[in-house]
Amino acid sequence: MLCSSGTFRQLNAIRTSLIRFKSTSIPDNAPTLIENEEWLGTLEDNSELTHDANIESKNYVFDKHATKNEKFDIKILSRPPDSKYIKIQSALENFTSINYLRQYNKHNHTQGNFVDVRIIQCRSGNGGNGCISFLRDANRRVGPPDGGDGGDGGSVYVQAVEGMNSLSKLKTKYIAGDGKAGAATQLDGSRGKDILITVPKGTVVSWCLDPKTVRTLVETELEKDKQKPLKDILHEHKLDIDCYGRHKGDINPKYIQLFRKQYEPGEGWIYNEKTKEYHEEKDWFRKLNKNVARYDRSLDVDEVSKDKIPLFGVDLDEITDKPLCLLEGGKGGLGNMHFLTSVIRNPRFAKIGRDGLESFFMFELKSIADLGLVGFPNAGKSTILNKISNATPRIGSWEFTTLRPTIGTIMRGPGAENFTVADIPGIIEGAHLDRGMGLEFLKHIERSKGWVFVVALDEKDPLATLKILINEVGGLEKVQAKNILVVCNKADIGVSNPESMQKFLKVQEFAANQGWDSIPISALNDENTDILVEKMAKCAQNIE
Ligand SMILES: Nc1nc2c(ncn2[C@@H]2O[C@H](COP(=O)(O)OP(=O)(O)OP(=O)(O)O)[C@@H](O)[C@H]2O)c(=O)[nH]1
């Protein structure tokens, strides 16, 4: 395009003034000298910072989800004011999964897609480093500092969602992204990528040990005594842990304190051109660092207050609306633009980013269904589930057909609520004494609202069987805390035999004395199964 010389001169004048304006302007989002001095001034307070001041900042996030029941034995070693933390000691078995360790081959964890325990390594991202940079333009070789801050490291979150019923999709490692370093022209580094681990409703997430460390210990112990049961090894070894209460002054341990590998307050500088030693000799740097050390301490306090995991686990028994932060990313380091003061014109230093956190977590799927079927092998549990639900469990007339839980959803048509039922691995007599699969099976129905005891009427004494079952799952008192229904299956066998009727009546009387409902059915012939569904639906409702 052609233009007259006058217009050209005008355009040129505008361009020059724009360039001049740009080159001489002080960066607009960098803190000014006055702001920096004010900020450093606020750090001059000499009172001691304690993490008590901030203790509740993260706890409320977990409060709703921290498991209510104290599930295992702990010994208190010391408490404040004798120590900073509530120091506890507890057996190793509480911080690992026996089931997980028993099955060295990870494929053993699965039957189909069902996986109920995983030990997972998680790491939140490190913060990016602050940048050392100075504005440069045609007029100034070294202008004011303009090094941006490092980005914060990504965090690791967990959330219980609809539509999952296994932990099989979880990875063995989740690593959040590191924050990017800050850059010249006040550019802050980008935030590291967050990680969201989605799990099924009913998952409990607890802090645990690195399984490799535990295996090494187990192997060493087994070298000494090959016969020693795994359970005993894990029970005998104790672990000391630093804990914290629910709130300031609480002397009962509720949270495990996690610690970052972190620099000491006043450390964590990066220097350019001049060395650390050069700076440390200068009064102006020492004075600045005294204040910045206090800033570091405040970060420390903030981290300590956030880096806590409920001692007995995070109970995701409901869908969580918002993800819960398991490990928070490290904060990004300050760029040199924060250290411009009337004394320090050329801050050739910046702060490094804070470290992220690394930890192992045990994910256990605890409540897998509203109801759990409880019965010895061959009682007909799989057949029942097969008849009343969409599940297709394996059925066989031999013991231990069911090795992993099968979950069936019972659809009750419009207007009626559906419910889920789990057929769990067969209980055998002595399971509570660790025979067979031990009490592993119990954890799947521990949280179920109701238990459905299944006995077979072709047995000699179904009532005696029922009593043994009650004993195996923890005794009458424990059972009474649940909604209970007693099912007498195989009612077709000896149907014309009055003895069979007598067996049912005995069971019914015992059940009624406990306030429980009972029903005779023949799962095989589909007899009484419709009434069974109605009774089960009642059993699956919340206890008033
Ligand atoms: N006669 C008769 N046989 C039944 C009835 N219900 C189940 N059976 C048979 O009993 C055997 C065992 O049934 P399952 O349903 O596999 O028993 P289970 O309790 O699930 O057994 P595990 O999976 O080993 O715990 C099978 O041969 C079934 O056909 C019934 O009502 N009447």
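Let us start with one pair of residues: Ala91 has Lys238 as its bridge partner in strand S8. Before we go further, a word on the model itself. It is predicted, and local features are described at pLDDT of at least 70, side-chain atom pairs count only at pLDDT 80 or more, while totals for chains, interfaces and linings use all residues. Residues are numbered from 1 along each chain as its sequence is written. The helices and strands we will visit are DSSP runs numbered from the N terminus (H or I, at least four residues, for helices; E, at least two, for strands).

Back to our pair. Strand S8 covers residues 238-244, and 6 bridges join S2 to S8, with the two strands running antiparallel. Two strands are said to pair if DSSP finds at least two bridges between them. In general, strands of a sheet pair through backbone hydrogen bonds, either parallel or antiparallel. S2 and S8 belong to an open sheet of 5 strands in the order S1-S2-S8-S9-S11, with antiparallel pairing. At its edges lie strand S1 (75-78) and strand S11 (308-310), each of which pairs on one side only. From one strand to the next, the twist averages 45 degrees; the angles here run from 0 to 180 degrees between N-to-C directions, and the axes are lines fitted to C-alpha atoms, for helices over the stretch in contact.

Now look at the S1 edge of this sheet. Strand S2 spans residues 86-91 and is joined to S1 by 3 bridges, again antiparallel. Ile76 stands opposite Ile88 in S2, and Ser78 has Lys87 as its bridge partner in S2. The loop between S1 and S2 holds Pro81. What is the peptide bond from Pro80 to Pro81, cis or trans? It is cis, with omega near 5 degrees. As background, most residues other than glycine have a negative phi, and most peptide bonds are trans.

A second open sheet has 3 strands in the order S6-S4-S13, with mixed pairing. Its edge strands are strand S6 (195-200) and strand S13 (324-327), each pairing on one side only. Here the twist averages 35 degrees from one strand to the next. Strand S4 (residues 156-161) runs antiparallel to S13, and 3 bridges join them. One place to find this pairing is Val156, whose bridge partner in S13 is Leu327.

Two loop residues are worth a stop for their backbone angles. Gln186 is not a glycine, yet its phi is positive, about 60 degrees. You will find Gln186 in the loop between strand S5 (173-175) and S6. Is Gln186 buried or exposed? It counts as buried because it has 21 C-beta neighbours inside 10 Å. The cut-offs are these: a residue is buried if 20 or more other C-beta atoms lie within 10 Å of its own, exposed if 12 or fewer, and partly exposed in between, with C-beta atoms placed from the backbone. The other residue is Glu273, also not a glycine, with a positive phi near 65 degrees. Glu273 sits in the loop between strand S10 (269-271) and helix H7 (276-281). With 9 C-beta neighbours inside 10 Å, Glu273 counts as exposed.

Let us turn to the helices. Helix H5 (residues 211-224) has 14 residues and reaches 20 Å from its first C-alpha to its last, close to the 20 Å expected at 1.5 Å a residue; the expected span is 1.5 Å times one less than the number of residues. H5 is hardly covered, with a count of 1 buried residue among its 14.

In helix H14 (residues 529-539), Leu532, Met536 and Cys539 are buried. Why do these buried residues line one face of the helix? Seen down the axis of H14, they fall within an arc of 55 degrees, so they line one face; the arc is that of the directions from the helix axis to the C-beta atoms. An α-helix has 3.6 residues a turn, so residues three or four places apart point the same way. The face of H14 turned away from its buried side carries the exposed residues Asp530, Ile531 and Glu534.

Finally, helix H11 (residues 462-472) meets H13: their axes come within 8 Å and cross at roughly 35 degrees. Pro462, Leu463 and Leu466 in H11 meet Lys503, Lys506, Val507 and Phe510 in H13, where contact means C-beta atoms, placed from the backbone, within 7 Å. By class, this contact has 5 nonpolar, no polar and 2 charged residues.

Methods
Two residues are in contact if their C-beta atoms, placed from the backbone, lie within 7 Å. Ala, Val, Leu, Ile, Met, Phe, Trp, Tyr, Cys and Pro count as nonpolar, Asp, Glu, Lys and Arg as charged, and the others, Gly among them, as polar.
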